[in-house]
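Please walk through the model shown here, beginning with one chain and ending at the contact between chains.

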Number of protein chains: 2
Amino acid sequence: MSNDKVVQPFTIEFNLQTGLSPKEQPLQRRLSDLRGMVRNEEVLEKMIREEDLLVYEFYDMHSPETPFEVQYGTSITYPGKVGDEYFMTKGHFHNVLDTAEIYYCLRGHGYMLMENPEGEWDAQEMIPGAAVYVPGRWAHRSINVDSDEPLITFFAFRGDAGHDYGTIETKGFRKLLVEKNGEPEFVDNPRWKS
Amino acid sequence: MSNDKVVQPFTIEFNLQTGLSPKEQPLQRRLSDLRGMVRNEEVLEKMIREEDLLVYEFYDMHSPETPFEVQYGTSITYPGKVGDEYFMTKGHFHNVLDTAEIYYCLRGHGYMLMENPEGEWDAQEMIPGAAVYVPGRWAHRSINVDSDEPLITFFAFRGDAGHDYGTIETKGFRKLLVEKNGEPEFVDNPRWKS
């Protein structure tokens, strides 16, 4: 149903239940990738010695890095905790700091935790059907608070926005999300660096 | 869970089964909006006299029209035919012609029909989980080929891309999608203007 010139539309499948693509390879992050980012490092090391569990995976489709393209894919954060702290992604700013991103939640229950260089923080709840708008300048991290189900989102942002992981790896987020009395609660990150 | 400065992250819900938002108003297009775009105008007028059916609806969230923002929302094309031609959206180019768009299919069965000013055309099948990449320069139209279910997609593109409906309204698409012997088949549009 198409001619075959060079630049053509194309389709990639991401399963709505698992978030996984049958053909593309996701990037995977395990407990050991969260070193330096969790509240309880001792518990983390103990867990890693038992099994370096998969915490999350996501797709980087490598659209051309121009302001005209769209980067997109799914992100899957699995259920689990390190001590009382829920499984989460490392989180990132965009290299082009002012570019926004949209996350559409397909399955699960969690929060998008955000903060910006101006000192603000915010968290938006993610349930199936929630489209969370992450404005430009806001670092963002997905956190799964469900005890059983993966948190699955479909995301899209500008082709040249890029990922800046280093700032968050060095400074951490201002807030952490922990379970207290069976409920998620945001608390100050004692190791946050201003 | 947030402070209250001016620019804040936010969430809008789009139901995964219906595509509809409980709070936002969609834009609606009815049979009468397809005048001049279908193969059989007589059948169209007869149908409109009986009932000016809703053909599709979609959301325009009015993100600020800057290159840094993301426009997004859902599009719902209902099942039906005008004669042997499946219900479809009007379709459009982007005003910023070179900007791409991603459509993620949540439900239903259909095609994304595309063409560009260079004379190429293409169609990508949409089933649940299919992420269809519409490169810059490609006009695009959603077509529902299912007899019962709505075709529902979540879309995202650059904030300032805009919609150019006029070109397609004047020229039409090169191809039409009709049912032949119970199967969808792309045929030349006899009224297409080069």
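The paragraphs below treat chain A by itself and then its contact with chain B. The model is predicted.

Chain A contains 14 strands and two helices. Its C-alpha trace extends over about 60 × 35 × 30 Å along the principal axes. For 194 residues, a compact globule would be expected to have a radius of gyration near 16 Å, and the 17 Å of chain A therefore agrees with that expectation. Burial can be read alongside this: 46% of the 194 residues in chain A count as buried. As for the contacts inside chain A, consider those with a separation of 6 or more; 68% of them are between residues 24 or more positions apart.

The next topic is the contact between the chains. Chain A and chain B contribute 45 residues each. On the side of chain A that touches chain B, the elements giving two or more residues are strand 1 (10-13), strand 4 (70-77), strand 7 (101-107), strand 9 (121-126), strand 10 (130-134) and strand 12 (151-158). The most comes from strand 10 of chain A, which gives five residues. By residue class, this side of chain A consists of 28 nonpolar, nine polar and eight charged residues.

Strand pairing also crosses from one chain to the other. Which strand of chain B is joined to strand 1 of chain A? The partner is strand 10 of chain B, residues 130-134; the two strands run antiparallel and are joined by four bridges. Within this pairing, A:Thr11 has B:Val132 of strand 10 of chain B as its bridge partner. Strand 1 of chain A is also among the elements listed above for the side that touches chain B.

Technical notes. Residues are numbered from 1 along each chain as its sequence is written. Chains are lettered from A and ligands numbered from 1 in the order in which they are written. This is a predicted model: local features need pLDDT of at least 70, side-chain atom pairs count only at pLDDT 80 or more; totals for chains, interfaces and linings use all residues. Two residues are in contact if their C-beta atoms, placed from the backbone, lie within 7 Å. Ala, Val, Leu, Ile, Met, Phe, Trp, Tyr, Cys and Pro count as nonpolar, Asp, Glu, Lys and Arg as charged, and the others, Gly among them, as polar. Two strands pair if DSSP finds at least two bridges between them. The radius of gyration is taken over C-alpha atoms; the globule rule is 2.2 Å times the number of residues to the power 0.38. A residue is buried if 20 or more other C-beta atoms lie within 10 Å of its own, exposed if 12 or fewer, and partly exposed in between; C-beta atoms are placed from the backbone.
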